[in-house]
Amino acid sequence: MNFRPATLDDCALLAELNHQLIRDEGHRNRMTVPELKERMESWLAAEYSAVLFEDQGQVIACAVYRLQPTEIYLRQLFVVSHRRRQGIGRQVMEMLRSRIWPKNRRLTVEVLVQNTAAVAFWRAVGYQDYSLKLEILPAPLPPPTPAE
Ligand SMILES: CC(C)(COP(=O)(O)OP(=O)(O)OC[C@H]1O[C@@H](n2cnc3c(N)ncnc32)[C@H](O)[C@@H]1OP(=O)(O)O)[C@@H](O)C(=O)NCCC(=O)NCCS
């Protein structure tokens, strides 16, 4: 597996992968691919970096992260669906940690509790439970009363 840093020219592809990731993790985000592309462009132009992982010329995984002075926040990790459970995610994490990221930072990630595959994955590659976000959703608005 090879890797290369993503550039602004890769944002259409990253947006497609982001869209699949949102679906696979069961996220509420309803952004469209064009909206995700625009968001990715603004991320890469500012504080985020992305890396594409390729096997025989095909992109099989990507990582999007924010490098901070003391922390690396891994915002997205995605392995294409037909290549999962083959050790690629583990290998990606190994490459990020040994060849791409500085070694002296705290590593963080957020995961939806319902995304049990990812929770198991993060624990398997060394992340430890740290915080739990809780919520109460607003009640749906009542239907409008008919005009007199
Ligand atoms: C999460 C994800 C990146 C894992 O990638 P992967 O290449 O399938 O993971 P690996 O094959 O390297 O798995 C490494 C270990 O993680 C654990 N693991 C991975 N997927 C798992 C699953 N579906 N159920 C239980 N454990 C799992 C296992 O311990 C596995 O080791 P094993 O196969 O020897 O048992 C991939 O499933 C994915 O892209 N999911 C959709 C996007 C997503 O949810 N990303 C994370 C957002 S927070």
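Start by selecting Asn 29, a buried residue with a relative accessible area of 18%. It counts as buried because that value falls under the 20% cut-off. Keep in mind as you look around that this is a predicted model.

**Stop one: around Asn 29**

Show the ribbon and find helix H1 and helix H2 (33–45); Asn 29 sits in the loop between them. Now display its side chain together with the backbone of Met 31. The side chain of Asn 29 comes to 2.8 Å from the backbone nitrogen of Met 31. Next, add Ile 22 and Arg 39 to your selection. Once neighbours within four places in sequence are set aside, these are the residues that Asn 29 contacts.

**Stop two: the whole chain**

Zoom out and colour the ribbon by secondary structure. You should find 4 helices and 5 strands. Follow them from the N terminus and the order reads β-α-α-β-β-β-α-β-α. Along the principal axes, the C-alpha trace spans about 70 × 35 × 35 Å.

Switch on the surface if you like: the chain exposes about 10,200 Å², and 52% of that is supplied by carbon and sulfur atoms. Of the 148 residues in the chain, 34% are buried. How much of the contact network joins residues 24 or more positions apart? Among contacts with a separation of 6 or more, such pairs account for 58%.

**Stop three: the ligand**

Centre the view on the ligand and select the residues around it. There are 22 of them, and the closest are Val 79, Gly 87, Gly 89, Arg 90 and Asn 115. Sorted by class, this shell holds 12 nonpolar, 4 polar and 6 charged residues.

Now look at individual atoms, starting with the backbone. Which ligand atom pairs with the backbone of Leu 77? A nitrogen atom does, at 2.9 Å from a polar backbone atom of that residue. Move to Gly 87, where a polar backbone atom lies 2.9 Å from a ligand oxygen. Then pick Arg 90: one of its backbone N or O atoms is 2.8 Å from an oxygen atom of the ligand.

How much of the ligand's surface does the protein bury? On its own the ligand exposes 920 Å², and the protein buries 78% of that.

**Last stop: the elements around the ligand**

Colour helix H1 (11–25), strand E4 (71–79), helix H3 (88–100) and helix H4 (116–124); these are the elements that give two or more residues to the shell around the ligand. Finish on H4, which provides the largest share of that shell, with 6 residues.

Notes. Residues are numbered from 1 along each chain as its sequence is written. This is a predicted model: local features need pLDDT of at least 70, side-chain atom pairs count only at pLDDT 80 or more; totals for chains, interfaces and linings use all residues. Side-chain values use heavy atoms; hydrogens and water are left out. A residue is near a molecule or strand if one of its heavy atoms lies within 4 Å of it. A polar contact is a pair of N or O atoms within 3.5 Å; within protein, one must be able to donate a hydrogen and the other to accept it, and residues adjacent in sequence count only if both atoms are side-chain atoms. Accessible areas come from the Shrake-Rupley method with a 1.4 Å probe; for residues, only the protein chains shown count as cover. Ala, Val, Leu, Ile, Met, Phe, Trp, Tyr, Cys and Pro count as nonpolar, Asp, Glu, Lys and Arg as charged, and the others, Gly among them, as polar. Buried means under 20% relative accessible area, exposed over 50%, partly exposed in between (1.4 Å probe, protein chains only). Contact means heavy atoms within 4.5 Å.
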